[in-house]
Amino acid sequence: MLKNRILAEKPQEDELKLRLKKAREKLAAQQMRIKEHKLPVLVLLEGWGTSGKGSTIGQVIQNIDPRFFKVASLESIREEDKRKPFFWRYFTEIPEAGKFVFMDSGWMDEVTRDRLMGVMDEETYEQRIAGIRRFERQLRDNGYLLMKFFLHISEKEQKRRIRLLKNDIDTRWRVSEGDRWQNQHYEKCLEIFDRYLDATDAPSIPWYVVDAKSRKWAELQVLETLTEGIEIAMQNQSLAVPVLQNVFPLVKMPKLSEVSLEGKTLEEEEYKDELKKLQSHLGELHNRLYRKRIPVVIAYEGWDAAGKGGNIRRITEALDPRGFEVHPIASPEPREKARHYLWRFFMRLPRTGHIAIFDRTWYGRVMVERLEGFCSENDWKRAYNEINEFEKELSDWGAVIIKFWVHIDKKTQLERFTLRQNTPEKQWKITEEDWRNREKWEAYEGAVNEMIKKTSTVYAPWHILESVDKKYARIQALKIVIEELEKVL
């Protein structure tokens, strides 16, 4: 039961004041150390209606420089939120390295409310709980300190607070229908809350249940627990994170050296006929996708000069321009580097009924970042499983995920590089970095083989496009996109 999880007994008033003073001073001193350690701190406050989540946050943040924190109130769900994956509105709020984010209600509130109201069935609830455990573990594994507090009050205390708030004309607005419903169904809510806390309590990401009957006592419990958590997190920053085994079913894929590029060509006339027919069909499917609110994510990776840009263009030519967006992915900007590496991709996910096309993707973690030393070995080894989890969340949301590796051989790449370098209007396409990457062809090929082997899941398999003849690759891409969309339509 919740009351048996309470952190500690309330001290006498004099001791409470003394401990509060020390805890406030400690947090004020820690903020600069957090910045130095580049530790991102996410504080999640959940709890009963009228338990004082907002006022507790208000007291805690008084000890922090306003430049170093943000408060996110996520109790209400906007229409845009409903058209994105479940974790989108939470993931997009995660803090930068060295800063705090305080969340007033979060994923617990949303899930338990939907379960209590009968919006979510048991199977969906269990699926969501599994996703939450993955989400929280990923934050921890990527260096985030996640502190989870549940503010607990009794049924009698909640009823008293509701009455007091309603009797004052200036505070009446703070009592919601949800607060009243909770109090009327207290035991039912208590059972659901207990079950949720049990399911999402982990040794490294525990729940802290706060006795919230007294405001100052609640503040002290949060402050002392938070400052202790920060100290431990800073001490543990250098520790390696375990690399978890993949738990999702995989599709067996060939190595790149086993993919034949011979004979994969199209005559110009055949290409034009096929292109016209397939683009027309794709345009029709796009209209149906929008009507049925199905989101689509198309991810492109491949060798430099393999023809990704032209391939993407032949797909987008068939689409309504209001219903898709192409995201060319370059090196992360400072605000992106300061967050979880998947954050910038969450920010670019499509709404339901829309298509997002990524020219380069989150797979940079296990290719460029791996080979150029932009992340640690532990980081990129963990990423295979993290990416599979990310794509599983997209799949569970209802997204169609189509992943292309655009493939050519080393000789074809050299011919195209040389042509670009010797053609004035194409010289912008070739850089020194392209030539440097070419020198690492064998290393990249090994990394790509491992990537395809470990991340070609049944819900997001890889498709290898043979692109020595760009026309052939474009037609193959259109056929695959159409086939995948027809499966869901």
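Q: By class, how many residues in the lining of the second largest cavity are nonpolar, polar and charged?
A: In this predicted model, the lining has 3 nonpolar, 3 polar and 2 charged residues. The charged pair is Glu46 and Asp109, because Asp, Glu, Lys and Arg are what count as charged. Met108, Phe150 and Phe193 go down as nonpolar, while Gly47, Thr112 and Gln182 are polar, since Gly is put in that class too.

Q: Which elements give two or more residues to the lining of the second largest cavity?
A: Those are β1 and α5. α5 gives the most, with 3 residues. The cavity itself has a volume of about 50 Å³.

Q: What makes a set of points a cavity and not a pocket?
A: It comes down to whether the probe can leave: in a cavity a 1.4 Å probe fits but cannot get out, whereas a pocket is an open set. With a threshold of 30 Å³ or more, the count is 4 cavities. The largest cavity comes in at about 110 Å³, so that one clears the 30 Å³ threshold as a set the probe cannot leave.

Q: Which residues line the largest cavity?
A: Phe87, Phe91, Gly131, Arg134, Phe135, Gln138, Leu342, Phe346, Glu389, Phe390 and Glu393 do. By class that's 6 nonpolar, 2 polar and 3 charged. Both α6 and α16 (377-397) supply at least two residues, and α6 gives the most, with 4.

Q: Why is α5 called roughly antiparallel to α6?
A: The two helices pack at an angle of about 175°, with their axes 11 Å apart. Angles over 145 degrees count as roughly antiparallel, so the label for α5 and α6 follows.

Q: What in α5 meets α6?
A: Trp107, Val111 and Arg115 do, and on the α6 side their partners are Glu122, Tyr125, Arg128, Ile132, Phe135 and Glu136. That contact has 5 nonpolar, no polar and 4 charged residues. Tyr125 is worth a second look: Tyr counts as nonpolar under this scheme, so Tyr125 doesn't add to the polar tally. Phe135 of α6 turns up here and also in the lining of the largest cavity.

Q: What makes β2 and β5 edge strands?
A: Each pairs on one side only. They sit at the two ends of the order β2-β3-β1-β4-β5, in an open sheet of 5 strands with parallel pairing. From one strand to the next, the twist averages 20°.

Q: Why do β2 and β3 count as paired?
A: Pairing takes at least two bridges, and β2 and β3 have 5, so they qualify, in the parallel sense. Within that pairing, Ala72 stands opposite Met103 in β3.

Q: Which helix lies across β1, β3, β4 and β5?
A: That's α10 (residues 215-235), running at about 165° to β4. Since over 145 degrees counts as roughly antiparallel, α10 and β4 fall in that class. α2 also packs on the sheet, touching β1, β2, β3 and β4, and its direction makes about 160° with that of β3.

Q: Which residues lie nearest the centre of the second largest pocket?
A: Gly49, Thr50, Lys53, Glu75 and Asp179, out of 33 lining residues. The volume of this pocket is about 720 Å³. Elements giving two or more residues are α2, α5, α7 and α8, and α7 gives the most, with 5. By class the lining has 9 nonpolar, 13 polar and 11 charged residues.

Note on methods:
Residues are numbered from 1 along each chain as its sequence is written. This is a predicted model: local features need pLDDT of at least 70, side-chain atom pairs count only at pLDDT 80 or more; totals for chains, interfaces and linings use all residues. Side-chain values use heavy atoms; hydrogens and water are left out. On a 1 Å grid over the protein atoms alone, a cavity is a set of points where a 1.4 Å probe fits but cannot get out, and a pocket is an open set with protein on both sides within 12 Å along at least five of seven lines; lining residues have an atom within 4 Å of a point. Grid points are joined across faces, edges and corners, and a volume is the space filled by probe spheres set on the points. Axes are lines fitted to C-alpha atoms, for helices over the stretch in contact, and angles run from 0 to 180 degrees between N-to-C directions. Angles under 35 degrees count as roughly parallel, over 145 as roughly antiparallel, 65 to 115 as roughly perpendicular and the rest as oblique. Contact means heavy atoms within 4.5 Å.
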